Amino acid sequence: MKKKFNIAVVGATGMVGQKMLEVLAERNFPIDHLYLFASSKSAGKEVEYRGKKYIVEELKESSFYQDIDIALFSAGASISKKFSPIAASKGVIVVDNSSAFRMDEKVPLVVPEVNPEDVEWHNGIIANPNCSTIQAMLPLKALHEKYILKRVIYSTYQAVSGSGVKGYRDLKEGIQGKDPICYPHPIAFNCLPHIDDFLENGYTKEEMKMVNESRKILHAPSLKVTATTVRVPVFYGHSESINLEFERSFKLEEVRKTLEEMPGIIVLDDPKNNVYPLARISENKDEVFVGRIRRDESIENGLNLWVVADNIRKGAATNTVQIAELLIEKQLL
């Protein structure tokens, strides 16, 4: 009989927490007991999972005294910083979807198709990368192995759901002419070159996440990376223009073949027939879509890609669940 595990979802009533439950059900994750935790505001709510109703409990330090194998966290960095070490100390393996531990040298930062081996050195906590980083890593990993990356330039066009319920509401109500609550300017019919806080170097936290996380996941600490991240009036699906420079020369046919063979990637690249990745195509899908594959003729060994994925699924919930599946597959529980 297939072994089942006790799973906790922290932040179970949030946008990503709800999507985690949906993905767990879709992928038939082997759950014995399911525990749902959230803030005191959400405690007592009923959540349905596979036809059964569960009562959401308030997250407390004592929550992890129960027999829990894996806890999937999506409740923000401050909650993760407080409760993840407590859970880990009780023998729970935490897969954390916040920014709390991503750049901690003792914590693996994992995209299962890209660096699955890194889960093996966890110390109780595994970090899920930033949504915009995750989708870029699949094509970059495939191409880096073959041609060796020299430089990466990201320009992202990110959906409002990346800001959670408040960002989604700003767009929905902004279309009706209401003032923004989440963003400093209206997002409806607009683009904001501003995701997360600005830092002293002029970059935003989101941009530096992409820079630093890319290096860590690809095990390329000296890789040259820069990013500009933009919030756009789209509900779901992050789109990215990625400019790459390689050490080695390449043929476009080989690049396409390499991308098509990479698990988790779907190549949509027939511009003559208007076929290329779109945010609306990616919605509620787990794959990363790649298209507009062409040379950057301004430099030697340069390549342009257009990369799209659902930021709530692959960029958060699915990647988290895939990490949990990886733990089972590698018999690390």
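# A tour of two sheets and the helices around them

Begin by selecting Ser 155 and Thr 228, since Thr 228 in β10 is the bridge partner of Ser 155. The model on your screen is a predicted one, and the stops below should be read with that in mind. Extend the selection to the whole of strand β9 (residues 149–158) together with β10, and you will see a parallel pairing that runs over 8 bridges. Colouring β10 by accessibility shows a strand that is mostly covered, with 6 of its 8 residues buried.

**The sheet with mixed pairing**

Now widen the view to the sheet that holds these strands, an open one of 6 strands in the order β10-β9-β11-β14-β13-β12, whose pairing is mixed. Its edges are formed by β10 (224–231) and β12 (265–267), each of which pairs on one side only. If you look along the sheet, neighbouring strands are turned by 20 degrees against each other on average, with direction ignored.

Next select strand β13 (residues 288–295) and strand β14 (residues 302–309), which run antiparallel and are joined by 5 bridges. Within this pair, Arg 294 stands opposite Asn 304 in β14. Add α6 to the selection to see the helix that packs on this sheet, where α6 touches β12, β13 and β14 and points at about 170 degrees to the direction of β13.

**From α6 to α3**

Keep helix α6 (residues 252–261) displayed and add helix α3 (residues 131–147): the two pack at an angle of about 130 degrees, and their axes are 9 Å apart. The pair is therefore oblique, α3 to α6, and the crossing of α3 and α6 is right-handed. To inspect the contact itself, show the side chains of Pro 139, Ala 142, Leu 143, Lys 146 and Tyr 147 in α3, which meet Glu 254, Val 255, Thr 258 and Leu 259 in α6. By class, the residues of this contact of α3 with α6 divide into 6 nonpolar, 1 polar and 2 charged.

While α3 is still selected, pick out Lys 141, which also has its place in this helix. Leaving aside neighbours within four places in sequence, Lys 141 is in contact with Val 114, Leu 218 and Met 262. A distance label from the C-alpha atom of Lys 141 to that of Thr 318 should read 19 Å, for two residues that are 177 residues apart along the chain.

**From α3 to α8**

Hide α6 and bring in α8, which packs with α3 at an angle of about 85 degrees, with the axes 8 Å apart. That angle makes α3 roughly perpendicular to α8. The side chains to display here are Cys 131, Ile 134 and Leu 138 of α3, together with Lys 314, Gly 315 and Asn 319 of α8, which make the contact. The residues of the contact of α3 with α8 divide into 3 nonpolar, 2 polar and 1 charged.

Staying in helix α8, select Gln 322. Is Gln 322 buried or exposed? With a relative accessibility of 13%, under the 20% cut-off, Gln 322 counts as buried. Not counting residues up to four places away in sequence, Gln 322 touches Arg 27, Pro 112, Glu 113 and Lys 314.

**The parallel sheet**

The next selection is another open sheet, in which 6 strands follow the order β5-β2-β1-β6-β7-β8 with parallel pairing. Its edge strands are β5 (57–58) and β8 (125–127), each pairing on one side only. Focus on strand β6 (residues 70–73) and strand β7 (residues 93–96), which pair in the parallel sense over 4 bridges, with Leu 72 standing opposite Val 95 in β7. Helix α8 (residues 313–329) packs on this sheet, touching β1, β6, β7 and β8, and its direction makes about 165 degrees with that of β6. Helix α1 (residues 15–26) can then be added, lying across β1 (5–10), β2 (31–38) and β6 and running at about 155 degrees to β1.

**Last stop: a hairpin**

Finally, select β3 and β4, which form a hairpin with 2 residues between them, and note that Arg 50 in the turn has a positive phi of about 55 degrees. The strand β4 (residues 52–55) runs antiparallel to β3 and is joined to it by 4 bridges, and the bridge partner of Tyr 49 in β4 is Lys 52. In a regular strand, side chains alternate between the two faces of the sheet. On strand β3 (residues 46–49), Val 47 and Tyr 49 make up a covered face, while Glu 46 and Glu 48 make up an uncovered one.

Methods: Residues are numbered from 1 along each chain as its sequence is written. This is a predicted model: local features need pLDDT of at least 70, side-chain atom pairs count only at pLDDT 80 or more; totals for chains, interfaces and linings use all residues. Side-chain values use heavy atoms; hydrogens and water are left out. Axes are lines fitted to C-alpha atoms, for helices over the stretch in contact, and angles run from 0 to 180 degrees between N-to-C directions. Angles under 35 degrees count as roughly parallel, over 145 as roughly antiparallel, 65 to 115 as roughly perpendicular and the rest as oblique. A crossing is left-handed if the near helix is turned anticlockwise from the far one by less than a right angle, and right-handed if clockwise. Contact means heavy atoms within 4.5 Å. Ala, Val, Leu, Ile, Met, Phe, Trp, Tyr, Cys and Pro count as nonpolar, Asp, Glu, Lys and Arg as charged, and the others, Gly among them, as polar. Two strands pair if DSSP finds at least two bridges between them. Buried means under 20% relative accessible area, exposed over 50%, partly exposed in between (1.4 Å probe, protein chains only).
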